[in-house]
2 protein chains.
Amino acid sequence: MKSYVVHQLLDRTLVTHPGQEIVAPAKRYTLEAFYGRVLRLAQGLKKLGLRKGMVAGVLDVNTHRFLELHYALSMLGVVIHTINFRLAPEQLVYSMVDAEDAWVFVSDTFLKVAEPIAGKFENWVVMSDIEDLSSPEAMNAYNYEAIIETGREDVPPEAGNVREADVFSIFYTTGTTGKPKGIRYRHKEITIGTLQLFHHLALHEGGARVSSSDVYMPLIPFFHIHAWGMAFFPLYLGAKLVLAGAATPERQVQLIEREGVTWLNMVPTQLHMLLETGKFGNVKILTGGSPFLSGLAKRAREAGVTYSLIYGGSDQLGTAISVVPEDVSRESDEAWEWLRVGMRPLPMVRVSLRDRDGNEVPRDGQSLGEVWVQSPWLPEGYYKRPEKTKEAYKDGWFKTGDIGMFYPNGLLYVADREGDAVKSGGEWIPTGTLEAVLSDNPAVALVAVIPVKDERWGQRPLAVVKPRGEVTEDDLRAFLLEKVSEGKIAKFWIPDRFVFVEEIPLTSAGKLNKKLLREQYTK
Amino acid sequence: MKSYVVHQLLDRTLVTHPGQEIVAPAKRYTLEAFYGRVLRLAQGLKKLGLRKGMVAGVLDVNTHRFLELHYALSMLGVVIHTINFRLAPEQLVYSMVDAEDAWVFVSDTFLKVAEPIAGKFENWVVMSDIEDLSSPEAMNAYNYEAIIETGREDVPPEAGNVREADVFSIFYTTGTTGKPKGIRYRHKEITIGTLQLFHHLALHEGGARVSSSDVYMPLIPFFHIHAWGMAFFPLYLGAKLVLAGAATPERQVQLIEREGVTWLNMVPTQLHMLLETGKFGNVKILTGGSPFLSGLAKRAREAGVTYSLIYGGSDQLGTAISVVPEDVSRESDEAWEWLRVGMRPLPMVRVSLRDRDGNEVPRDGQSLGEVWVQSPWLPEGYYKRPEKTKEAYKDGWFKTGDIGMFYPNGLLYVADREGDAVKSGGEWIPTGTLEAVLSDNPAVALVAVIPVKDERWGQRPLAVVKPRGEVTEDDLRAFLLEKVSEGKIAKFWIPDRFVFVEEIPLTSAGKLNKKLLREQYTK
């Protein structure tokens, strides 16, 4: 019986689209050739002793080898740990120990990261195009290509024994506070959950509508929910997939042009960098993960980029995508503004916004609440962390820790991670929204709003501003008062203090480094 | 935990689209009001003793009450038997006895059908808008609306105990030979399987592409795989649903106009009748179930009807839809010809064509074979018929009994039920294809090709022709020889005999009644 098992996603397309291309750095092959390597890899790994239930970590950017591992490890029932290479070294090792990585696959790009920890893990496999690459001695590593050479091109019998209720993958949240938390997904939830996102994108006439004739390029790394599901969807559909490896924005633009890419996913920072090249446009993108500012959205549209917004995360998979409300003309500016901020839960997904007592907040376009989610693809909880799981779940709802609001038309706006929001007098101030509004001021190049302690209100907002030209605190205050009168923000959201700086620190993922800012300004 | 349970499909849309309309004969209400009635119905039925695992038969056309029963019975864990009202009376009763219908819901439309069998089943519920309708005495029937009045508008606790592995529905094949065979589907397979059809329709730019802004009207009756999934999809998506009840084609056309219907499903016969009204057009349709002749397709296009073809059935759910090959321009005549005949399996579905020894036939655009199918939503087999199940399944494949061919570009053409095909010298002759080719001759109004016994070849084809104007056997033979030279048919397909008749008998479903013709001409 066929079922929602990762390697079974290929069964149909191997018949219907055997010649479909997969393009990766220094690699271009057909789905059929890809599958041949997957089979030989699985057989080779089996010889080395990889068995069902073991965990194998992978430390790589988006390459064809990382893609192959998704399917070969699936066939053996080995759990793939997609290692988050943006974690601090200590947290990275913590995640590998916590996940119990019995094998670690590392590409030459990350050998320097791996070298200091080579002794901590027993079995290493190095992935490289360089034949005589010498890996660190402590690794005593196998060579990926050599393993493939040892394997027969034959479906391993283990592949038939993998069930949709078996665990497929584990990955770790990038919690800004505390240790990363592991989340394991079974084949059923990871396939149905990630594919549902694309089904919904196909059903809605949004900016990132997908179809079988698109050419797909994920700029979201595989470690983040398998590139938001892109490790599965194009191969399941039979569409062309382009992997960018560690390409710079300049090189990404060349790839898009050369391969005819029409659809990409990325965080807003990546969109910003691509637009900066001056050569990016006329594609569809899915974005999310941090606030999508109106200025950036406008520049994207001017470049011919159409977009949809996604809300989701490692611990919930896809939850909502932006849509144009039924009563708004699809071609209007307003439609594009809704696609930037207004989201509808995917089919089968329920979202509820709750106050501190767990009561639903009104859907009035003003009341903020914590985003609670129910869906058929929620994980069972945090790996080995029953206390964190208990904190995060209530009556079948996953409490995301994000702050959101429902517009009166029922669309969802997600403002902030709860840790980043400001609680002033018991009321939430969504800093992401405030930053987005401030960014509309032409004199603001970049802005971060953080909570600072306040005797009277508990917390009050502080705005850290990187100016563009001359601007004063009074100017910005007056600007925000205008926005209050336009009904865009509440008056009590206006920051008590504005600090002007030359640079605002960013995280390695290109997001505002609020943790650092809080340490700097709240002491 | 949310899961793929029928009544849970509403959880999201009740929040996102509570005001979405459902339109049915003499009824127009919102999704929210629909749900209120579903809850009260479930509570009312619970009071009457309906319990998990029981089976309830429903004898009705597509009405709002039939739709309500889908969800209310789901909440109680009662299996819905969607009774095929086109079965002969004896077979209809057989199916109800075989399914063990403990309760029977019958609309006033079918009271005359139910009356003679009233004594055979204990518990009847009559569904009608007529308040003082007197039902047959032997029924001692409950009144549907009265049951709703007794129920509280509250989710019954049973609803939370229904699992996706529980059986949701049972329905019967309309086997032309032997007794109807029952097929039971679990919540998981019926929801995922029917929804996948629509996901795939959304992903492909075919003629029946679906989106969240379409208005849906099923003309396929609920008893046929829940109107090919339309009992679920619009309510899961949040789109407007229009139910036509027992409307005539004239009335259907008015409904389409009045309600702004943009998407319908129907068999080719229904399309023919709608086009005959002269007022049907500018909609998208999904069709299938019998050969879709080129003349009909051409008339549809001229009326602004765009179409996709589906292949599937009661015992396999959706298997394939027609698509335009990648190398064909979407706007060309050729594209529309492919949408009429060339199908691609849905994602996750494998199709294999086999000869009598179970070997795969070449994908050469000529070789015919039996269609074997693998998919994640196949049923467990035929209800209470282990011997039939054993015959129909092999190594995880379902042997459909249909005859098909793969074009060299990998698209699937399904020609015939195996029972209807002609086996000549061990080779298949697909009668559906032959009929389609003959129909292209302007002198042929309607044609049926049936197998007759032949000493030398086993079977040979006989063509029963309803002519339009003057035409002779020699004319048709010459016409077919032309088609042979064009490579459209093989020479040995040309019928040995042509019989001219005034009328060709049709079944109640509007298909050629080949069973009757075989009895008439093969003795």
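Where in chain A does I225(A) lie? In this predicted model, I225(A) sits in helix α8 of chain A, a stretch covering residues 225–228. Its backbone is a bit out of the ordinary: phi is positive, about 50 degrees, although I225(A) is not a glycine. Most residues other than glycine have a negative phi. As for its surroundings, I225(A) counts as buried because 27 C-beta neighbours fall inside 10 Å, where 20 or more are needed. Chain B offers another case of this kind, L317(B), a residue other than glycine with a positive phi near 60 degrees. L317(B) belongs to strand β15 of chain B, residues 317–322, and is buried, with 28 other C-beta atoms within 10 Å.

Next, the two chains as a pair. Chain B lands on chain A after a rotation of 180 degrees with 0.0 Å of shift along the axis, and the RMSD is 0.1 Å. The two copies are therefore related as by a two-fold rotation axis. The same surface serves both copies, too, since 100% of the contact residues of chain B recur in chain A. As for the contact itself, chain B puts in 31 residues and chain A puts in 31 residues. On the chain B side, the elements giving two or more residues are α1 (10–16), α7 (187–203), α9 (233–237) and β16 (343–345) of chain B. Of these, α1(B) supplies the largest share, four residues.

Then there is the sheet. In chain A, seven strands make an open sheet with mixed pairing, ordered β7-β6-β5-β3-β4-β8-β9. Its edges are β7 (142–143) and β9 (182–186) of chain A, each paired on one side only. Strand β8 of chain A, residues 167–172, runs antiparallel to β9(A), and the two share five bridges. Within that pairing, V167(A) faces R186(A) of β9(A). Helix α7 of chain A (residues 187–203) packs on the sheet, touching β8 and β9 of chain A, and its direction makes about 85 degrees with that of β9(A).

Chain B also has an open, mixed sheet of seven strands, in the order β7-β6-β5-β3-β4-β8-β9. Here β7 (142–143) and β9 (182–186) of chain B stand at the edges with a single partner strand each, so one side of each has no neighbour in the sheet. Strand β8 of chain B (residues 167–172) is joined to β9(B) by five bridges, and the two run antiparallel. S169(B) is found opposite Y185(B) in β9(B). Across β8 and β9 of chain B lies α7(B), which runs at about 85 degrees to β9(B).

Further along chain A, strand β17 (residues 350–354) shows a neat alternation of side chains. V351(A) and L353(A) point to one face and are buried, while R350(A), S352(A) and R354(A) point to the other and are not. β17(A) is joined by five bridges to strand β18 of chain A (residues 368–374), with the two running antiparallel. S352(A) stands opposite W372(A) in β18(A).

On to the packing of nonpolar residues. The largest nonpolar core holds 335 residues, and those with the most contacts inside it are A72(A), F105(A), V106(A), A72(B), F105(B) and V106(B). Setting aside residues up to four places away in sequence, V106(B) touches L59(B), L111(B), A114(B), W124(B), V126(B) and M127(B). One of those partners, W124(B), is 304 residues from W428(B) in sequence and 47 Å from W428(B) in space, C-alpha to C-alpha. W428(B) lies in strand β23 of chain B, residues 427–429, and counts as buried because 23 C-beta neighbours are inside 10 Å. Beyond four places in sequence, W428(B) is in contact with L368(B), I403(B), A421(B) and K423(B).

Finally, domains and a loop in chain A. The domain assignment gives domain 1 (6–187) and domain 2 (420–523) of chain A, and 42 Å separate their centres, taken over C-alpha atoms. G245(A) lies in the loop between β11 (240–242) and α10 (249–259) of chain A. G245(A) counts as partly exposed because it has 19 C-beta neighbours inside 10 Å. Apart from residues up to four places away in sequence, G245(A) touches A24(A), P25(A), V61(A), N62(A) and T63(A). I117(A), 128 residues from G245(A) along the chain, is separated from G245(A) by 23 Å between C-alpha atoms.

Definitions and conventions: Residues numbered from 1 in each chain as written. Chains lettered and ligands numbered in written order. Predicted model: local features only at pLDDT ≥ 70, side-chain atom pairs only at ≥ 80, totals over all residues. Least-squares fit on C-alpha atoms with pLDDT ≥ 70 in both. Contact = placed C-beta atoms within 7 Å. Core = buried A, V, L, I, M, F, W, Y, C linked by C-beta atoms within 7 Å. Buried ≥ 20, exposed ≤ 12 C-beta atoms within 10 Å, placed from the backbone. Pairing = 2+ DSSP bridges. Axes fitted to C-alpha atoms, helices over the stretch in contact; angles between N-to-C directions. Domains from an automatic or database assignment.
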